[in-house]
Amino acid sequence: FHQISLTVRFGDIDSLGHVNHTKYLTYMEQARVCYVKDVCGWDGNFLKLGMILARASVDYLLPLQFGETVYVLTRCSRLGNKSFDLAYLIQREKDGQQETVATGITNMVAYEYASQQTILVPDTWREKILAFEPTLHL
């Protein structure tokens, strides 16, 4: 797994006093950007990123509170010809143990923004993802 940590901000909290459901998608987005940067070698150029979000889902298990440290673990769970899936575990530490508060998955499509068309997952990405994810079954 690739891992990042975030702190729950005041602005993440809704009127019920816990993290709003939409913020989990923001946490997954931040983890995804870091994954692509760290694993695939993305240089930060959004016009050359070459992928677009096709689908996202989240299973909410436990509420998060202001000030908690959140750990988002990301891995590639499927690598296809033109798309790949990233799976997420969103956790917090409680009583010295990692506790899963949500799980999620996103379907990412390799995409060329200039032509606005899907493309094959670049070979360099494929090689780097497979090197990082040695147990990934194609």
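This section describes the salt bridges of a predicted model.

Four salt bridges are present in the structure. Side chains of opposite charge can pair when their charged atoms come close. Three of the residues involved, Glu68, Arg92 and Glu99, are joined in a network of salt bridges. Within this network, the side chain of Arg92 pairs with that of Glu99 at an N to O distance of 2.7 Å, and with that of Glu68 at an N to O distance of 3.4 Å. The pairing of Arg92 with Glu68 connects distant parts of the chain, the two residues being 24 residues apart. Arg92 is located in strand S4 (residues 83-94), whereas Glu68 lies in the loop between strand S2 (51-60) and strand S3 (69-79).

With regard to solvent accessibility, Arg92 has a relative accessibility of 7% and is therefore classed as buried, the cut-off for this class being under 20%. Its partner Glu99 has a relative accessible area of 23% and is therefore partly exposed. The bridge between Arg92 and Glu99 thus pairs a buried residue with a partly exposed one.

A further salt bridge is formed by the side chains of Asp85 and Arg78, with an N to O distance of 3.0 Å. Asp85 counts as buried because its relative accessibility is 14%, while Arg78, at a relative accessible area of 31%, is partly exposed. In this pair, the acidic residue Asp85 is the buried partner, and Arg78 is the partly exposed one.

How values were computed:
Residues are numbered from 1 along each chain as its sequence is written. This is a predicted model: local features need pLDDT of at least 70, side-chain atom pairs count only at pLDDT 80 or more; totals for chains, interfaces and linings use all residues. Side-chain values use heavy atoms; hydrogens and water are left out. Helices (H or I, at least four residues) and strands (E, at least two) are DSSP runs, numbered from the N terminus. Buried means under 20% relative accessible area, exposed over 50%, partly exposed in between (1.4 Å probe, protein chains only).
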